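Visitor: I'd like to go through this one label by label and hear what stands behind each.
Guide: Sure, have a look first.
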Amino acid sequence: MQQFIQNLAAKHQYQATHLLEILREIQARYHHISADAIELLAPLLKIQRTQIISVVEFYSFFTDSPRGQYELLISDSITDHMLGKKNLMEYIVGKLKVSVGGVRGDGLVSLDNTSCSGMCDQGPAGLVNGYALTRLDEPRIDAIAELIDQQIPLADWPAEFFQVDDNIQKLGLLLNKQIVHGEGLKTALARGLKATLAEIDQSGLRGRGGAGFKTAMKWQFCSEEAETERYVVCNADEGEPGTFKDRVLLNSYAHQVFEGMTLCAAIIGSKKGFLYLRGEYLHLVDKLQSVLDERRQFGLLGNNILDRLDFDIEIRLGAGAYICGEESALIESLEGKAGIPRNRPPYPVSQGYLGKPTVVNNVETFYAAAAIAVNGGDWFASVGTQKSKGSKILSICGDCARPGIYEYPFGTSMQEILTDCGAEDVLGLQIGGPSGTFISNQEFDRKLAFEDLATGGSFIVFNNSRSILDIAHNFTHFFAHESCGFCTPCRVGTSLLRQQLDKIVDGHGSAGDVVALEELCQLVKTHSHCGLGQTAANPVLTTLERYPELYQSQLKLISYEPGFDLDAALETARRMANRDDAGAHLAQTDVE
Amino acid sequence: MTKTITIDGNTIPFEDGQTIMEAATAAGVYIPHLCHNPEYTPHGSCKLCTIRVNGRVCSACTFPAAEGQDVLNNTKDLNDDRQKITQMLFVEGNHFCPSCEKTGNCQLQAVAYHLNMLDNHFPHFYAHRNMDASHHDVLIDHNRCIFCTLCVRASQQKDGKDVFAISGRGINKHLIVNAQSGQLKDTDLEASDQAAHICPTGAILIKRTGYSVPIGERIYDHKQINEVSLAGESSALLKEKDHG
């Protein structure tokens, strides 16, 4: 192992900023990051062992104890559940003879849950040693069990197990009009960079990750900073459950995304860019590297681009942490640290990567910017609403006949989208993922727009067979799992929310428990440090607002019910006293 | 001309580069806090210093003061929420004030009294946490850690060491020490280090000094935390260091 780690560190030029990349390779090789590995690595990277430990313990894809040679993770998104994940998981446990969270005795296979893996249109999905598995069903699990028992290398597994389809269903403004490679840069340079920034301003383009900050303004701010070492970062950490449009953009339109990044570099004066790709999209890396190589060959990347510009792009992978979609947490992660959101101000445009001015934009934002450079601001602004110009690319999944990618002008009604994707008997929609809004079937005249229903791309349809409380339950557990733990209201609050909601859903709630739940929601929403905590209560708040009777009906008709199972709590005492008579048991309440 | 902000309607001067916390403290206005200490880089994690700046929720310890800010600090709504955030810290760990040797010198306890916290409100987590008594002079009781990182910062910024770090994610956050064994005795921590004395709760304690000052004669037995804080946190710390 010493030689392996020595070579690995050398390959990464002993850069501590590459810590996640290095740890990914150690995990892939040894299926955990041992204490010995940490001791070897720390001096090579000239960092404290505590920094490595804190990174290992932060990211879901790193483990400090050995996992199986085949690390199997099953996506726990609500959409996977709607496709039968629960039963499938039970089947896997039986078939592979391994418990959830466990490693099989022979060390060959380990099994666990993972947050949404971005395959919601072709689930139930999973990951094996980091590579995406789609359309899992019992026959496929049987085959996988066989492959594992025979210790067949992943490279020799059937390709269809790893097949990821684009499922592009509806083209719009952007997807209809691909730009020719290099056209965006050439047009921008011919027009002038200032004039091109003015076109982007004129287009009204706002950040497509969901927050909606004006793109031109961000680029302008960054270009005005005194510090001239500047960075461009493309946020491809698409972790919001139900979102997979960046997966498709990067699979089939990566040239235009990289062109948008290069355009940004020309405008803000940057020599170096990063594509921060979520670890779940490991399967895209080779393809993306070859696109980057092609662009270097075309003279569209690297030194002396179109005789005007030096700029190159490096791909960096995440390791299973939703919080890294938050731009300052993403920057921390790029620097080789745990993804903990920074205090703001200062904002990344003035102090981002390594403390230098940095533009962080979503994949779709760069993709749109490249098209705007070619076609002009008015072309883009002619579509959409007053406050939301242009189009939005949605990833639609859940209860509909045609899940996949749809592009719509802003201002399109929910009803039109539902008709297009073949949704029937609809109960409601989750717009913008768990951090967004749940709307009921009484609201389908509402519009896709920053000023009405904003989304980073997630659009999940639920039909009338689904339970509102199951949805809120899944999302609330998701946030408690993904909270980074930095601030008190989110660290403790999301766990309390999970506990309080479980109490009600499990039928232990009594009068006052819904009020307590709502109070807690407001506290977490108001006081949390970043967007994760500020939106973690949305699944409960938006469903409670619409279906208060549903929550109330879960409550027992008594004034107070203990929040835990009284009788179960006595189990230890019974065992120690060697008693199991009636007197050694307690009823949950006096009323019962 | 002096630049000013208003806090709860009172005009307060500030200098460029000051945070709202710094401007407030200099003007004798107390804003509750736990992870903040004027001698260290602000952290902004405990969220007790939550204020409203022109309506927007901010952390006073990290947010820069700027001309024209209208700050709300000592309001019923904010203090109610601060009380709940303090209660969150109490239920997350295992804090048994009557049996804790830090009682009376504990900032968590003192801020809870200041905010009139009379119960824990939320259900307890009953987290299983360990102690590290391996070091000859210093004890870590993880039950009482609130992840404020003051020991981390003190070790780095004052002691020129790197003894502590916070690891883990979400509710699994925990304090770790910089030793291959994971034990405090194998770090270069010394009892005279600032990091050994900075803990606002009883998570890091100097051994054999717990009761050298009797209960009833301790810092917060006679003074509210706002008085002590405004009188200078550093002098309070020195006093604690002398008297245990």
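Guide: What follows takes a few labels and sets each against its definition. This is a predicted model, where local features need pLDDT of at least 70, side-chain atom pairs count only at pLDDT 80 or more, and totals for chains, interfaces and linings use all residues. Residues are numbered from 1 along each chain as its sequence is written, while chains are lettered from A and ligands numbered from 1 in the order in which they are written.

Visitor: What makes helix α4 of chain A largely enclosed by the rest of the structure?
Guide: Ten of its ten residues, 49-58, are buried, so the label follows. Buried takes 20 or more other C-beta atoms within 10 Å of the residue's own, exposed 12 or fewer, and partly exposed lies in between, with C-beta atoms placed from the backbone. Among the buried ones are A:R49, A:I52 and A:F58. As for the name α4, helices (H or I, at least four residues) and strands (E, at least two) are DSSP runs numbered from the N terminus.

Visitor: Which elements do those buried residues pack against?
Guide: In chain A, α2 (19-30) and α3 (35-45); in chain B, β8 (164-167) and β9 (174-177). Contact here is C-beta atoms, placed from the backbone, within 7 Å.

Visitor: Why is A:K46 called exposed?
Guide: A:K46 has 9 other C-beta atoms within 10 Å, and 12 or fewer is the cut-off, so exposed it is. A:K46 sits in the loop between α3 and α4 of chain A and has a positive phi of about 55° although it is not a glycine.

Visitor: And why does B:H121 count as partly exposed?
Guide: B:H121 has 17 C-beta neighbours inside 10 Å, which falls in between the two cut-offs, so neither of the other labels applies. B:H121 lies in the loop between α3 (107-114) and β6 (131-132) of chain B, and its phi is near 60°, positive in a residue other than glycine.

Visitor: How do you know that α11(A) is oblique to α15(A)?
Guide: The axes of α11 (245-252) and α15 (363-375) of chain A come within 9 Å and cross at roughly 50°. Angles under 35 degrees are roughly parallel, over 145 roughly antiparallel, 65 to 115 roughly perpendicular and the rest oblique, so this crossing makes the pair oblique. The axes are lines fitted to C-alpha atoms, for helices over the stretch in contact, with angles from 0 to 180 degrees between N-to-C directions.

Visitor: Which residues meet there?
Guide: A:K245, A:D246, A:L249 and A:L250 in α11(A) meet A:V363, A:E364 and A:Y367 in α15(A).

Conventions:
Two residues are in contact if their C-beta atoms, placed from the backbone, lie within 7 Å.
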